[in-house]
Amino acid sequence: GYGPTHSQTLDKFLIGIDNIKTVALNTFLNPEIIYEQIHKEEHPVIVIENKIDYGKKIFNHAEKNYKYLYSDEAYPVIKISPELSEPSLTIVSYGGMADIVNGILNDIFTETDHLPEMIIPSVISEVPVQEILASVSITGRLLVIEEGSAYAGIGAELIASIIELTDYKVKCKRISALPVPIPSVKSLENIVLPQKERIIDEIKSSNL
């Protein structure tokens, strides 16, 4: 079937088409690790790549005052946490956008007073709800930043899944591409896709 398919194990929530994984490559993981696992899959896998990441080194930038943790799953989930304090904002991002958000974590803190913790899933058709719930239980705030559409997108399903599983108030927000076709001209693409200034401005103007 098409549309969201909920796994009630509370470990993962499945999104999309049954038996088809969607993997979003990111700069925190060597793609060789991902493709080795993909070749073991029985069913089709859709791989999303960001063309801007082609020229970047793997894990090319670590933000000061943050620790980078990797799960031991076949498709690892990355968690970027403050080293010394509890976070006050949970951010979920994936693919090429994750690298952009990683680079402004300290800016988000200094300009919004929210101390972020970021969770980066490798498989975006399986939302890692346990990792997100553990973070949201501390922060009470969930922000999804993605290059895709806000309407009926990954972020929409992720937020709905988290709210279904919590019995306390969680403030949520999505920051995504503007609702227009993605331009091929870089200057216009930067306007349509989330960038540092818009991300910080939207956090400031939100009720997070």
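Before I looked anything up I wrote down the cut-offs: a residue is buried under 20% relative accessible area, exposed over 50%, and partly exposed in between. I also noted that this is a predicted model.

**Entry 1: positive phi angles**

I started with asparagine 19, which is in the loop between β1 (13-14) and β2. Its relative accessible area is 53%, and because exposed means over 50%, I entered asparagine 19 as exposed. What caught my attention was its backbone, since asparagine 19 has a positive phi of about 70° although it is not a glycine. I reminded myself that most residues other than glycine have a negative phi.

I then found another such case in aspartate 113, a residue other than glycine whose phi is positive and near 70°. Aspartate 113 sits in the loop between α3 and β7 (116-120), and with a relative accessible area of 64% it is exposed. I also looked at glycine 140, which follows α4 and has a positive phi near 70°.

**Entry 2: salt bridges**

How many salt bridges does a search of the whole structure find? The search gives seven, and I followed some of them through the chain.

In one of them, the side chains of lysine 21 and glutamate 41 meet, at 3.5 Å from N to O. This pair links distant parts of the chain, with lysine 21 in strand β2 (residues 21-24) and glutamate 41 in the loop between α1 (31-38) and β3 (45-48), 20 residues apart. Glutamate 41 is partly exposed, as its relative accessible area is 23%. I noted too that Lys21, Glu41 and Glu126 are linked in a network of salt bridges.

Next I turned to lysine 204 and glutamate 111, whose closest N and O atoms are 3.8 Å apart in a salt bridge. Lysine 204 belongs to helix α7 (residues 196-205) and glutamate 111 to helix α3 (residues 105-112), so I wrote down that the pair links distant parts of the chain, 93 residues apart. Lysine 204 counts as partly exposed at 48% relative accessibility, and glutamate 111 counts as partly exposed at 37%.

Helix α7 came up again with glutamate 202, which forms a salt bridge with lysine 173, the closest N and O atoms being 3.4 Å apart. Glutamate 202 lies in helix α7 and lysine 173 in strand β10, so this pair ties together parts that are 29 residues apart in sequence.

**Entry 3: helices α4 and α5**

For packed helices I looked up the angle between their axes and the distance between the axes. The axes of α4 (residues 129-139) and α5 (residues 154-165) come within 11 Å and cross at roughly 65°. That makes α4 roughly perpendicular to α5, and the crossing is right-handed. Which residues of α4 are buried? I listed Val129, Ile132, Leu133, Ser135, Val136 and Thr139.

**Entry 4: the loop between β10 and α6**

My last stop was the loop between β10 (171-175) and α6 (186-192), where I found valine 185. Valine 185 is partly exposed, with a relative accessible area of 43%, and together with Leu178, Val180, Leu188 and Ile191 it makes a nonpolar surface patch of about 410 Å². Serine 184 lies in the loop between β10 and α6 as well, and at 78% relative accessibility serine 184 counts as exposed. From serine 184 to isoleucine 104 I noted 25 Å in space, C-alpha to C-alpha, and 80 residues in sequence.

Notes:
Residues numbered from 1 in each chain as written. Heavy atoms only, no water. Patch = residues over 30% accessible without salt bridge, like charges linked within 9 Å, V, L, I, M, F, W, Y side chains within 5 Å. Areas by Shrake-Rupley, 256 points an atom, 1.4 Å probe, with all protein chains shown as cover. Salt bridge = Lys/Arg side-chain N within 4 Å of Asp/Glu carboxyl O. Helix = DSSP H or I, 4+ residues; strand = E, 2+ residues; numbered from the N terminus. Buried < 20%, exposed > 50% of the residue type's maximum accessible area, 1.4 Å probe, protein only. Axes fitted to C-alpha atoms, helices over the stretch in contact; angles between N-to-C directions. Parallel < 35°, antiparallel > 145°, perpendicular 65-115°, else oblique. Left-handed = near helix turned anticlockwise from the far one by under 90°.
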